[in-house]
Amino acid sequence: MISKPLLAFLILVFASLPAAASPCTEEDREYAEFRDNYYEPEEAYAFGAALQPCRLARLHARTRDDLV
């Protein structure tokens, strides 16, 4: 059985993981705040991550056509 201090430590560690997993830095959040929170840094990152495969595919197709 897990001891109470160990259980409390594990809960604390796992509760802080989502905050630590954010790709946005404090500087990103400060810049968004400077712009009157015009955008959410996490949403902007997710949007860019969603577009990246499309842009890479287009670049790959363009490069492939240049080689032929």
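Good morning. Tyr-31 and Phe-34 sit three residues apart in helix α2, which spans residues 26-34, so about one helical turn separates them. I begin with these two residues because the structure holds one aromatic pair, with a definition that requires ring centres within 6.5 Å. That pair is formed by Tyr-31 and Phe-34, with 6.4 Å from centre to centre and 35 degrees between the planes, a tilted arrangement. Please keep in mind throughout that this is a predicted model.

How accessible are the two partners? Tyr-31 is partly exposed, its relative accessible area being 42%. Phe-34, for its part, counts as exposed, at 59% relative accessibility.

Let me now step back to the overall architecture. The protein chain contains three helices and zero strands. Read from the N terminus, the order of its elements is α-α-α. Helix α1 covers residues 4-20, helix α2 covers residues 26-34, and helix α3 covers residues 41-67.

How much of the protein chain counts as buried? Of its 68 residues, 4% do. The accessible surface of the protein chain comes to about 6400 Å², and carbon and sulfur atoms supply 63% of that area.

One part of this surface deserves a separate remark. Ile-2, Leu-6, Leu-7, Phe-9 and Ile-11 together make up a nonpolar patch on the surface, with a combined accessible area of about 480 Å². One of these residues, Leu-7, belongs to helix α1. Leu-7 counts as partly exposed, with 41% relative accessibility. That value fits its place in the patch, because patch residues must have over 30% relative accessible area.

I turn next to charged contacts. Side chains of opposite charge can pair when their charged atoms come close. In this model the count of salt bridges comes to one. It joins the side chains of Glu-42 and Arg-29, at 2.7 Å from N to O. Which parts of the chain does this contact tie together? Glu-42 lies in helix α3 and Arg-29 in helix α2, so the salt bridge links parts that are 13 residues apart in sequence. As for accessibility, Glu-42 is partly exposed at 31%, and Arg-29 is likewise partly exposed, at 29% relative accessible area.

Between those two helices there is a loop that merits attention for its backbone. Asp-36 is located in the loop between α2 and α3. Its phi is near 60 degrees, which is a positive value in a residue other than glycine. Asp-36 is also exposed, having a relative accessible area of 69%. Asn-37 is found in the loop between α2 and α3 as well. Asn-37 is not a glycine either, and its phi is positive, at about 50 degrees.

Finally, the cysteines. A disulfide is a covalent bond between the sulfur atoms of two cysteines. How many disulfides does a search of the whole structure find? The result is zero. Is Cys-24 buried or exposed? Cys-24 counts as buried, because its relative accessibility is 9% and the cut-off for burial is under 20%. Cys-54, by contrast, counts as exposed, with 51% relative accessibility.

To close, I return to the contacts described at the outset and in the middle of this talk. The aromatic pair of Tyr-31 and Phe-34 lies within helix α2, whereas the salt bridge of Glu-42 and Arg-29 connects helix α3 with helix α2. Thank you for your attention.

Technical notes:
Residues are numbered from 1 along each chain as its sequence is written. This is a predicted model: local features need pLDDT of at least 70, side-chain atom pairs count only at pLDDT 80 or more; totals for chains, interfaces and linings use all residues. Side-chain values use heavy atoms; hydrogens and water are left out. Rings of Phe, Tyr and Trp (its six-membered ring) pair if their centres lie within 6.5 Å; planes under 30 degrees apart count as stacked, over 60 as edge-to-face and the rest as tilted. Helices (H or I, at least four residues) and strands (E, at least two) are DSSP runs, numbered from the N terminus. Buried means under 20% relative accessible area, exposed over 50%, partly exposed in between (1.4 Å probe, protein chains only). Patches are made of residues with over 30% relative accessible area and no salt bridge: like charges are joined within 9 Å, nonpolar side chains (Val, Leu, Ile, Met, Phe, Trp, Tyr) within 5 Å. Accessible areas come from the Shrake-Rupley method with a 1.4 Å probe; for residues, only the protein chains shown count as cover. A salt bridge is a side-chain nitrogen of Lys or Arg within 4 Å of a carboxyl oxygen of Asp or Glu. A disulfide is a pair of cysteine sulfur atoms within 2.5 Å.
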